[in-house]
Structure formats: C-alpha cells, structure tokens
Amino acid sequence: MAYTQPALPYAENALAPHISAETIGFHYGKHHATYISKYNGMVAGTPFDDQTIEDVIVATANDPEKAGLFNNGAQAWNHSFYWNSLSPDGGGAPGGQIGEKINADFGGYDKFREELANAAATQFGSGWAWLVLDKGQLKIVKTANAQTPLTNGMFPILTIDVWEHAYYLDYQNRRPDYVSAVIGELLNWNFAASNFEAAQV
Ligand code: MN
C-alpha cells in the first residue's frame with residue numbers, strides 16, 4: 001500500500017546548530033520524499049501492494065530482482081525512524097530501564113557512546129549506525145546503503161544516518177563531528193525507551 005511520509009516531529013530549524021534547517025529541508029523534503037514517491041510508484045499494482053512497508057522490506061531483502069523496491073522502501077522506513085531518533089531535547093545519558101540496560105550490556109554510557117560513534121565513523125561509504133535489541137541484548141550494528149536491521153530479526157531502538165547528505169552541508173567531510181553532535185545533543189531517549197518497551201512484549 002502507499003506509504004505516507006510522516007510529518008517531521010519538530011520544526012526544520014529545531015535541531016540547529018547541530019543539524020541546520022537547510023540540511024533538514026533537503027534531507028526530509030527532497031531525499032526522503034523521493035524515496036517514498038519512488039517506493040509508491042514501484043509497489044503499486046504488484047502483489048506487495050496490500051502489505052505494510054515493513055513486510056515488503058523483509059520480503060524483498062534478498063531478492064536482486066526486487067532491489068529497487070527494497071532500496072526505496074527501506075530508505076523510506078529508515079528515514080522515518082531517523083527523524084524520530086532525534087529531538088531538540090535529546091542527547092546525553094538516558095535514565096530509566098533503557099539506561100540500566102545500556103549500563104548492563106555495554107559496561108556504561110561512555111562505552112556505549114564510544115561504540116556507537118565508532119560504528120558510525122567506520123561505516124565505509126553510505127549507510128546507518130543503529131542501537132538494536134537482538135535476542136534480548138542491546139547491540140550496536142552498522143548497515144550499508146539502504147540495509148536495515150529489520151531484515152535480521154532485530155528490533156531497532158535508535159539510528160544515525162551516515163549518508164553524506166545527512167551532514168555534508170553542515171560538516172563537509174567531518175562525519176565524526178556530526179556523529180558526536182547527534183549522540184551528545186540530539187538522540188531521542190524517549191523514543192528509544194518506547195521502542196525498547198515494545199520490543200519486550
Ligand atoms: Mn538520509
């Protein structure tokens with residue numbers, strides 16, 4: 001079925017100075033919107049047309065003949081998840097259950113932060129860095145291009161887009177500075193906590 005672009009959960013300038021309104025304008029308004037319109041054009045009239053976008057992503061993940069549908073569908077979904085992974089009130093160490101789980105599974109917030117930053121910095125080329133729940137354990141994974149942990153049976157908790165279009169206007173080649181700003185100032189731990197809770201039901 002057609003996928004509708006969710007509204008941005010904040011104003012385009014709300015993440016500045018860490019991510020500028022100009023970056024969000026292009027990233028949400030052009031890149032994400034284009035993935036969605038391409039996905040909707042490709043899925044229409046196919047046997048996938050009555051499935052949710054998550055089911056289509058999982059069903060097409062390893063089929064080279066469906067690469068266009070997978071890539072655009074996964075990018076549509078990944079970006080919606082990314083907008084929610086950021087908040088103008090985000091960043092820092094989380095409290096509550098998710099904070100305790102971070103401490104238990106990573107050996108403390110600083111270790112978690114280091115591992116996430118390292119994954120985001122070392123993803124070669126375009127892709128994503130993720131905090132996921134995998135078989136009851138929080139882990140950091142990175143994925144290339146449109147790849148998403150949804151297809152590996154993992155529960156995404158948070159993500160950072162490390163495609164150049166996510167940071168180039170603001171940081172040029174300094175991806176680690178963008179990642180540091182996202183982790184330190186923007187990660188939405190309320191969204192993470194609700195994903196963590198939902199993954200355990
Ligand atoms: Mn992107």
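Me: Are His79 and Asp161 buried or exposed?
Reply: This is a predicted model. Buried here means under 20% relative accessible area. For His79 and Asp161, the answer covers both residues: buried.

Me: Which protein residues are the donors of the manganese ion?
Reply: The donor atoms lie 2.0 to 2.1 Å from the manganese ion. Three are NE2 atoms of histidines, and one is an OD atom of an aspartate. The residues are His27, His79, Asp161 and His165.

Me: What spacing do the donors of the manganese ion follow along the chain?
Reply: The donors, in chain order, are His27, His79, Asp161 and His165. Their spacing is H-x51-H-x81-D-x3-H.

Me: How many residues apart in sequence are the parts that His79 and Asp161 tie together?
Reply: His79 sits in helix α3, residues 67–85. Asp161 belongs to strand β3, residues 155–161. The pair therefore ties together parts whose separation in sequence is 82 residues.

Me: What is the order of the strands in the open sheet?
Reply: The sheet has three strands, and their pairing is antiparallel. β2 (137–144) and β3 each have a single partner strand, so both stand at the edges. The twist averages 25° from one strand to the next. The order is β2-β1-β3.

Me: Which residue in β2 does Ala129 stand opposite?
Reply: Strand β1 covers residues 127–134 and runs antiparallel to β2. Eight bridges join these two strands. Opposite Ala129 in β2 stands Lys142.

Me: At about what angle does α4 run to β2?
Reply: Two helices can be placed on the strands. α3 lies across β1 and β3, at about 85° to β3. α4 lies across β1, β2 and β3. Its angle to β2 is about 80°.

Me: Which elements do the buried residues of α7 pack against?
Reply: Helix α7 has twelve residues, 175–186. It reaches 15 Å from its first C-alpha to its last, close to the 16 Å expected. Its buried residues include Tyr178, Val182 and Leu186. They pack against α3, α5, β3 and α6.

Me: How far apart are the closest N and O atoms of Lys101 and Asp105?
Reply: Side chains of opposite charge can pair when their charged atoms come close. Lys101 and Asp105 both lie in helix α4 (residues 96–106), four residues apart, or about one turn. They form a salt bridge, with the closest N and O atoms at 3.1 Å.

Me: Is Asp134 buried or exposed, given its relative accessible area?
Reply: Asp134 meets Lys139 in a salt bridge of 2.7 Å, N to O. Lys139 is partly exposed, at 31%. Asp134 has a relative accessible area of 6%, so it counts as buried.

Me: Which residues do salt bridges that share partners join into one network?
Reply: Asp177 and Arg174 meet in a salt bridge of 3.0 Å, N to O. Asp177 is partly exposed at 37%, and Arg174 is partly exposed at 36%. The network of shared partners consists of Asp134, Lys135 and Lys139.

Me: Which residues is Asp49 in contact with, leaving aside its neighbours within four places in sequence?
Reply: Asp49 lies in the loop between α1 (21–43) and α2 (53–60). At 29% relative accessibility, Asp49 counts as partly exposed. Asp49 touches, beyond those neighbours, Met1, Val43 and Ala44.

Me: How far apart in space are Asp49 and Asn190, C-alpha to C-alpha?
Reply: In sequence, Asp49 and Asn190 are 141 residues apart. In space, the C-alpha to C-alpha distance is 33 Å.

Technical notes: Residues are numbered from 1 along each chain as its sequence is written. This is a predicted model: local features need pLDDT of at least 70, side-chain atom pairs count only at pLDDT 80 or more; totals for chains, interfaces and linings use all residues. Side-chain values use heavy atoms; hydrogens and water are left out. Donors are N, O and S atoms within 2.8 Å of the metal (3.2 Å for Na, K and Ca); water is not among the atoms, so sites may look incomplete. Buried means under 20% relative accessible area, exposed over 50%, partly exposed in between (1.4 Å probe, protein chains only). Contact means heavy atoms within 4.5 Å. The expected span of a helix is 1.5 Å times one less than its number of residues. A salt bridge is a side-chain nitrogen of Lys or Arg within 4 Å of a carboxyl oxygen of Asp or Glu. Two strands pair if DSSP finds at least two bridges between them. Axes are lines fitted to C-alpha atoms, for helices over the stretch in contact, and angles run from 0 to 180 degrees between N-to-C directions.
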